[in-house]
Structure formats: C-alpha cells, structure tokens
Amino acid sequence: ERGPDQLAVETETSASEGLDRLEGGDVDCIVSDYDMPGRDGIEFLEAVRDVDPDIPFILFTGKGSEAVASDAISAGVSDYLRKGTGTDRYQLLENRIENLVDRSHAERRLETRAEQQRRLAELGQEALTGESVETLFEHAVTAVAETLGTEYAEVLEYRPADDDLRLRAGVGWRDGLVGEATVGSDDSQAGYTLRSTEPVVVEDLRTEERFHGPPLLVDHDVVSGLSVIVGSPDDPWGVLGAHTTEEVTFTEEAVNFVRTVANILAAAVEKRAATRKREEVFGRISDAFFALDEEWRFTYLNDEAHALIN
C-alpha cells in the first residue's frame, strides 16, 4: 500500500470473498496467505486456477515448508515467498508483483496479436476465394466483437440517396435490426467517421462533444466505441464499428486491427462492384451482338466492345 501509485491494493478477508472479487474482474495479481480459516492457500489457488488459469498468483506465507512449496508449484503458483522481518520483504513482494504483472500483460498482448493475425488471415482468404460479401460481413463483425471483447459490432452501408447508413451486418443488436435499422449521417458517430480520415475512438458517448449518440447506440446503452471508414474518404462505402456498454480504452493494436478488417471489406466490395460492371458490360455486348444480322456481328462486336470497355 505504500508502494508506487500503479499498485492498487484491495483486501478480502476470506478465500470465498477473494474468489467473488476475482470473478468481478479488473484483477491483475493475487497475493494470498497459506494458513487461512475454511480454505488454505493451496485450496484457494486451485479454485482461482479454475476461474483464471493465467492470473499471477503469489503465495506469501509465514508458515511455509518444502511440502507447501511443492504443493503450490503443482497447483500452478506463479511465485512463492516466505514472510520475514523488516520492510525489505514487502519491497521484494512489490517487485515480484510488478514483474509478474508486466510479464502477464506482455504475454496477453502477444496472444491478442496472434489472434488478430489469425482472424485477418481467415478474412483475407475468404475475400480472395470469392466468398459472398454478405457472408464476409457477418464473419467480419463476429471476428471484431470476439477479438476485441465488445458486446456489439456492425457494418453500416452508406446510402447517399437517403443520406443515412443501413445496418447490413451486426453482432449483439436486438432481433430484427440487422438489415432494417438506419443511422443518420449528419450528427452520429458513423456519420462523423464518414467525414474522417482517421479511425474514431469514443471513450464515453455520454460526454462526447463531436457528435451525438444515435438511437441505435443509446438504446443499447453503448458507452465506448471504435469506428473506421470502409472505403476511401473521397468515396466511402460505409463504416465498420465496435461498441461496449462499459467504458474501455481501445489500444493502438485494436484500432489497427479494425482498420485492417475494414480494408479487407473495402477490397471485397470493390471487387464485387467490378465484377458486376464486367457482367453488365458483357451482357450489353451480348444483347447487341445477337440483335444484329449474322454478317454484321463480328464488326459490331469489335466496335461495341471497345466503346464499352474503354
């Protein structure tokens, strides 16, 4: 408690209360005694590992022995430290906590990046193999929500004629909204994103001053969010976004991940548009070709093909 500001110490008086606190989230490290009423430190450690196999756990005890240390190692303890006299043991404990938490955070960042790369590879492969854009949209919002741990994710298609964005694909939204719900493009996060050259990050929609929260977000109790443009700012196709009901800080890695997913979607949309244009061109050529007498078909085909393709 006398250590640096980054250590926020919360104390529970029993193993059961400690488990309840752990399940409540936002715990980076557990320090436990061994000799406790009801459930000793090893039993507590085993229960913790059932809840979170990776959280740093330090057994800090004054009644340790080789047998206790062996049991702790077998149960998956992160560190084992005997109590002693003087304040130097607490300084040592502080250092052990900081090292374990730093290592844990680094490992989780690596795992997150690996998962992001795996998801991007899957989406990229689907786009290359000609998966339908509708299926690609669905897989994209699922990948974003699961990888970032957000309750909501969506693909919004910009409709210039209606000056709004339609919910084309989504995760977490109430039944019946995907394919039907719309968001205004004038004073919403999605609309602001359409006019931005960079990703838009919202820490707290309730205090946001750049735009207002549209009913779609407000009705779902959205607090934090991240959105990026699909396409180019000069010719936007739509917006890819993710949102949470609790205030979170989106990391640079998260922003880059969502932006890359949006780039994959933009490429797929552009590819589909080009395919449809080719089909339309050659359909017109075919119609014109077969409308002519046979002796004129070859000459007309060359002229019409060059005119349409150019």
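Tutor: A salt bridge is a side-chain nitrogen of Lys or Arg within 4 Å of a carboxyl oxygen of Asp or Glu. The model under discussion is predicted, and 17 salt bridges are counted in it by this rule.

Student: What makes the pair of Arg21 and Glu10 a salt bridge?

Tutor: The N to O distance between their side chains is 2.7 Å. The limit is 4 Å, so the pair of Arg21 and Glu10 qualifies. Arg21 lies in helix H1 (residues 15-23) and Glu10 in the segment before H1, so the bridge ties together parts that are eleven residues apart in sequence.

Student: Why are Arg21 and Glu10 placed in their respective accessibility classes?

Tutor: Exposed requires over 50% relative accessible area, and buried requires under 20%. Glu10, with 54%, is therefore exposed. Arg21, at 23%, falls between the two limits and therefore counts as partly exposed.

Student: How do you know that Asp33 and Lys83 form a salt bridge, and where do the two residues lie?

Tutor: Their side chains meet at 3.0 Å, N to O, and the limit of 4 Å is therefore satisfied. Asp33 is in the loop between strand S1 (30-32) and H2, whereas Lys83 is in the loop between strand S3 (79-82) and H4; the pair links distant parts of the chain, 50 residues apart.

Student: What makes the contact of Arg113 with Glu253 a salt bridge?

Tutor: The closest N and O atoms are 2.8 Å apart, which lies within the 4 Å limit. This pair also links distant parts of the chain, with Arg113 in helix H4 and Glu253 in helix H8, 140 residues apart. Arg113 is partly exposed at 40% relative accessible area, and Glu253 counts as partly exposed at 28%.

Student: Why is Arg49 said to have no salt bridge?

Tutor: The nearest side chain of opposite charge, that of Asp52, is 5.6 Å away; the limit is 4 Å, so no salt bridge is assigned to Arg49. Arg49 is nevertheless buried, and its place is in helix H2 (residues 41-51).

Student: Which polar partner does the side chain of Arg49 have in the side chain of another residue, and how do you know that the contact qualifies?

Tutor: The partner is Ser78, at 3.4 Å, and the cut-off for a polar contact is 3.5 Å. In addition, the backbone oxygen of Asp52 lies 3.2 Å from a polar atom of the Arg49 side chain.

Student: Why is Ser227 called buried?

Tutor: Its relative accessibility is 1%, and buried means under 20%, so Ser227 meets the condition. Ser227 is found in strand S8, and its side chain makes a polar contact of 3.0 Å with the side chain of Gln189.

Student: Why is the pair of Phe60 and Tyr90 given its particular geometric label?

Tutor: The ring centres are 6.2 Å apart, within the 6.5 Å limit, so the rings count as a pair. The planes stand at 65°, over the 60 degrees required, so the pair is edge-to-face. Phe60 belongs to strand S2 (residues 57-61) and Tyr90 to helix H4, 30 residues apart. Phe60 itself counts as buried at 8% relative accessibility.

Student: How many aromatic pairs does a search of the whole structure find?

Tutor: The search finds five.

Notes. Residues numbered from 1 in each chain as written. Predicted model: local features only at pLDDT ≥ 70, side-chain atom pairs only at ≥ 80, totals over all residues. Heavy atoms only, no water. Helix = DSSP H or I, 4+ residues; strand = E, 2+ residues; numbered from the N terminus. Buried < 20%, exposed > 50% of the residue type's maximum accessible area, 1.4 Å probe, protein only. Lys, Arg positive; Asp, Glu negative; His and termini not counted. Polar contact = N/O pair within 3.5 Å; in protein donor to acceptor, adjacent residues only side chain to side chain. Phe/Tyr/Trp six-rings, centres within 6.5 Å; stacked < 30°, edge-to-face > 60°.
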